[in-house]
Amino acid sequence: MTSTAAAKPGRKKNAGKPDNSPLPAQAVSARPMAGDIIYERILTSIMEHRLTPGTKLVEEKLAGIFNVNRTRVREVLARLSHEGLITTIPNRGAFIASPTPSEARAIFAARRLIEPALLRHLCEHTHPEHIAQLRAHVAQEAQAREANDRRAIIRLSGEFHIRIADMVDNPVMSKMMRELASLTCLIIVLYDSPTVPACTHDEHGDIIDAIAAGRVEQAVASMIEHLNHIEAVLDMSAPPSEEEDLEAVLGVIQV
């Protein structure tokens, strides 16, 4: 007698075993998505001070630059708006955010709460490769300073803090730190004193030394002093923003 179960279409012999094949969304995410590429390009341009506060992000122009439709651009702009990096004004469009002095102080206050907690965790769970990666990063910062590459200096300075968050291996904290670092870059663009550097070359090194030695409180104190120093040298007056050429800043790429 033939089993009716065997006759059912689509039934596999190993139906009881877990299917480890990727879901459709996972399969798609195996390659970079156009929206992710656009997001990262805009984010990097913010961190390198090439897109400055007040710059208008025109949907049609962005679609042409990245060779995508405007729907994809709107998705990226919505993501950036959710993170506070752009401001959308009805009937006017989307603009790179211009944090007010009070917003800037709130961002630094948030960092003084979050980053000590990240350091405490890292000091308790650090590995030699963590220290090696951080020292290599600081070496890149030194090279950028020698070359007087201000854009690279600012981007690498922000990425140092993101690296620490990534080492804690908490995606939520990494996302928060990336957003705070990007917002800090906007603040530095707006309020950086032209005669005083916002980040000195040895402060990151002091933090690494404390982590490597397992001196938790010293690492925390060095981080707070570092953040206080950046905030203290900023001139909290609002300079006029300048319109940037999006195509010149972001470049023409195919996605």
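**Close-up views of the predicted model**

**Figure 1. E231 touches R105, F108, R112 and M236, leaving aside residues up to four places away in sequence.** The model shown here and in the following views is predicted. E231 belongs to helix 10, which spans residues 216-232. Is this residue buried or exposed? E231 has a relative accessible area of 16%, and it therefore counts as buried, since the cut-off is under 20%. The view also relates E231 to A109: the two residues are 122 residues apart in sequence, while their C-alpha atoms are 9.9 Å apart in space.

**Figure 2. S222 is a residue of helix 10.** Which residues is S222 in contact with, leaving aside its neighbours within four places in sequence? The contacts are with D206 and I207. The relative accessible area of S222 is 16%, and the residue is buried.

**Figure 3. Two buried cysteines are C123 and C185.** For C123 the relative accessible area is 11%. For C185 the value is 3%. Both figures place these residues in the buried class, because that class requires a value under 20%. How many disulfides does the structure hold? The number is zero.

**Figure 4. Three strands form an open sheet with antiparallel pairing.** The order of the strands in the sheet is 1-3-2. Strand 1 (56-57) and strand 2 (86-89) stand at the edges. Why is one side of each edge strand left without a neighbour in the sheet? Strand 1 and strand 2 each have a single partner strand, so one side of each remains without a neighbour there. Strand 3 comprises residues 93-96 and is joined to strand 1 by two bridges; these two strands run antiparallel. Within this part of the sheet, L57 stands opposite A94 of strand 3.

**Figure 5. Confidence in the prediction varies between the elements of the chain.** The mean pLDDT of the chain is 82, and 76% of its residues reach 70 or more. Which elements have the lowest and the highest mean pLDDT? The lowest mean, 37, belongs to helix 1 (residues 24-28), and the highest, 96, belongs to helix 5 (residues 101-125). Over residues 1-32 the pLDDT is below 50. Beyond near neighbours in sequence, this stretch has four contacts in the model. Where pLDDT is low, predicted coordinates should not be read in detail.

Methods. Residues are numbered from 1 along each chain as its sequence is written. This is a predicted model: local features need pLDDT of at least 70, side-chain atom pairs count only at pLDDT 80 or more; totals for chains, interfaces and linings use all residues. Side-chain values use heavy atoms; hydrogens and water are left out. Helices (H or I, at least four residues) and strands (E, at least two) are DSSP runs, numbered from the N terminus. Buried means under 20% relative accessible area, exposed over 50%, partly exposed in between (1.4 Å probe, protein chains only). Contact means heavy atoms within 4.5 Å. A disulfide is a pair of cysteine sulfur atoms within 2.5 Å. pLDDT is the predictor's confidence in each residue, from 0 to 100. Two strands pair if DSSP finds at least two bridges between them.
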